[in-house]
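User: I'm new to this one and would like a walk through it. Could you take my questions one at a time?

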Amino acid sequence: MVDVTKWPLFSLMEGEELSSIRQACVFGTSANEVIYITHNDDVFVFGLNCSNCLGTGDSQSTILPKKLDFLSGRKVVSLSYGSGPHILLATEEGELFAWGHNGYSQLGNGTTNQGVAPVLVSASLLNKRVTEVACGSHHSLALTNTGEVYAWGYNNCGQVGSGSTANQPTPRRVSNCLQNKVVVSITCGQTSSLAVVENGEVYGWGYNGNGQLGLGNNGNQLTPCRLVGLQGLCVLQIVSGYAHSLALTDEGLLYAWGTNTYGQLGTGNKSNQLSPVQIMAEKERIVEIAACHSTHTSAAKTQSGQVYMWGQCRGQSIVLPFLTHFSCTDDVFACFATPSVMWRLLSMEHDDFLTVSQSLKKEFDSPETADLKFSVDGKYIHVHKAVLKIRCEHFRSMFQSHWNEDMKEVIEIDQFTYPVYRSFLEFLYTDNIDLPPEDAIGLLDLATSYCENRLKRLCQHIIKRGITIENALLSARCCRALRRRGQSASTPSNR
């Protein structure tokens, strides 16, 4: 299980506070700052507050968590931090907020004034939905839901990808050879940038003095350039350390390149690599890789759950992947990285050793993985089209290519209440329903309309079980409902 108390900053928190945490990130030059999000979507910060990076509106440090009211209630989907540090945070609605160090306009607001509190980044991003963010030392990247990359901030080595070395005060789209590409993932080293496009190709730009772009040379790139050393491979995940990078392919193969002063490439020596080289070839399939621009540490996890680490580990240079007893790559950074930051926004919902049914249940109404939202009574329910198509004939028909609904990201539902529709969708993920008889009547209506016979039987059982002498009026209503709905299922209602 993920244990945030492995990071010392959390050791003063009580058990109730710790159990409320859904996401967390430890960051800063000395890993002395924390931001965390609760299960209620409240956002809290505490720590040293260098360069106003806590966003509390002042420069005061705090050992006790302070709530960021401006961000509370917003679901966070991506967060990243720079070396200043500056912070970027993206919400499920596609909004981008920034605060902290701004000496190079890395907050994207057109100024170099410190950001003492979270501010919406709107310049050049109006009507854009940001899905992922990445920070270098003093530059920033944002990825939109349409696969566009925007960059801004410090640009001394071309890390903004604008074709020059002039700093970029507001978000600017990274184009050139990415112009007609759909980018699916982004990452930053200290002064370099990398992007993965939908066909698995990787592009890099910025500082390349130690080969961290993997282009086979050490010349800086002012615009994106494809890594030909990965040609023929389909990259699923890419991460960057201080000046090295790792790539994971769809076949579970791991490649590394860049600086190797501490053995962070895992090649068995400390020689830099200008092009990607495969490592851990003799190991089983790799399913996750980890690195962070603040450190020289690398980690990987195999399909059986084994976690390896290499690079700078508590002052030692580990030049070959070392098998640990950890259950997740996050623990490597908590215990052995310098500084002991988090390499990603950490989720407390641990995924290891979940069955298929447990995994499905966990992902119900998860904005992080969902590709569709139902809007019912003004509230969203997040789902996955593939699951709905597999589990329900009604949705299988709805999402056929000739249906307009297949192209929508949000579908409005007005004929059922939120509790009823949510229970129905949750049933498709869990095979269970837990409703009082009065709500089961509405769900029975829905099950009849959607021809879900098994759900109908479950609802009828709940309603019958709820009939008692004490609730005679409700019982009569339930009986009438059962008689009305006792016939065979009708065709799905008009959508």
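Analyst: Sure, here are some questions and answers on this structure, which is a predicted model.

User: Which residues have the most contacts inside the largest nonpolar core?

Analyst: The largest nonpolar core has 63 residues. There is also a second, separate core, this one of 36 residues, and it includes Val383, Val387, Cys392 and Leu455. Back in the largest core, the residues with the most contacts inside it are Phe10, Ile35, Tyr36, Leu254 and Trp310.

User: What does Tyr36 touch, leaving out residues up to four places away in sequence?

Analyst: Tyr36 is one of the best-connected names in the largest core, going by contacts inside it. With residues up to four places away in sequence set aside, Tyr36 touches Phe10, Met13, Ile21, Gln23, Ala24, Asp42, Val43, Phe44, Phe46 and Pro65.

User: Is Leu12 buried or exposed?

Analyst: Leu12 sits in the segment before helix H1, which covers 15-19. Together with Ile63 and Leu64, Leu12 makes a nonpolar surface patch of about 370 Å². Its relative accessibility is 62%, and exposed means over 50%, so Leu12 counts as exposed.

User: What percentage of the span 200-251 is strand?

Analyst: The UniProt annotation "repeat: RCC", from an unreviewed entry, covers several spans, including 147-199 and 200-251. For residues 147-199, the end C-alpha atoms lie 12 Å apart, and the span is 0% helix and 43% strand. For residues 200-251, the end C-alpha atoms lie 12 Å apart too, with 0% helix, and the strand share is 44%.

User: How many salt bridges does a search of the whole structure find?

Analyst: Let's start with an example: Arg22, Asp41 and Lys75 are linked in a network of salt bridges. A search of the whole structure finds 19.

User: Lys373 and Glu93 form a salt bridge; how many residues apart are they?

Analyst: The closest N and O atoms of Lys373 and Glu93 are 3.9 Å apart. Lys373 is buried at 9% relative accessible area, while Glu93 is partly exposed at 37%. As for the sequence, Lys373 belongs to strand S26 (residues 372-376) and Glu93 to the loop between strand S6 (86-91) and strand S7 (96-100), so the pair links distant parts of the chain. Their separation is 280 residues.

User: Which residue forms a salt bridge with Glu148?

Analyst: Glu148 is buried, with a relative accessible area of 13%. The closest N and O atoms of this salt bridge are 3.0 Å apart. The partner lies in the loop between strand S8 (115-120) and strand S9 (130-135), 20 residues from Glu148. That partner is Lys128.

User: Why does the salt bridge of Glu409 and Arg129 tie together separate parts of the sequence, and how many residues apart are those parts?

Analyst: The side chains of Glu409 and Arg129 meet at 2.8 Å, N to O. Both are partly exposed, Glu409 at 43% and Arg129 at 28%. Because Glu409 lies in the loop between helix H5 (393-398) and strand S28 (410-413) and Arg129 in the loop between S8 and S9, the parts they tie together are 280 residues apart in sequence.

User: What separates the C-alpha atoms of Thr338 and Thr38 in space?

Analyst: Thr338 is found in the loop between helix H2 (329-335) and strand S25 (346-347), and touches residues including Ser294, Gln312 and Arg314. Along the chain, Thr338 and Thr38 are 300 residues apart. In space, their C-alpha atoms are separated by 27 Å.

Definitions and conventions
Residues numbered from 1 in each chain as written. Predicted model: local features only at pLDDT ≥ 70, side-chain atom pairs only at ≥ 80, totals over all residues. Heavy atoms only, no water. Patch = residues over 30% accessible without salt bridge, like charges linked within 9 Å, V, L, I, M, F, W, Y side chains within 5 Å. Areas by Shrake-Rupley, 256 points an atom, 1.4 Å probe, with all protein chains shown as cover. Salt bridge = Lys/Arg side-chain N within 4 Å of Asp/Glu carboxyl O. Helix = DSSP H or I, 4+ residues; strand = E, 2+ residues; numbered from the N terminus. Buried < 20%, exposed > 50% of the residue type's maximum accessible area, 1.4 Å probe, protein only. Core = buried A, V, L, I, M, F, W, Y, C linked by side-chain atoms within 4.5 Å. Contact = heavy atoms within 4.5 Å. UniProt positions renumbered as here; feature names shortened; annotations may be inferred.
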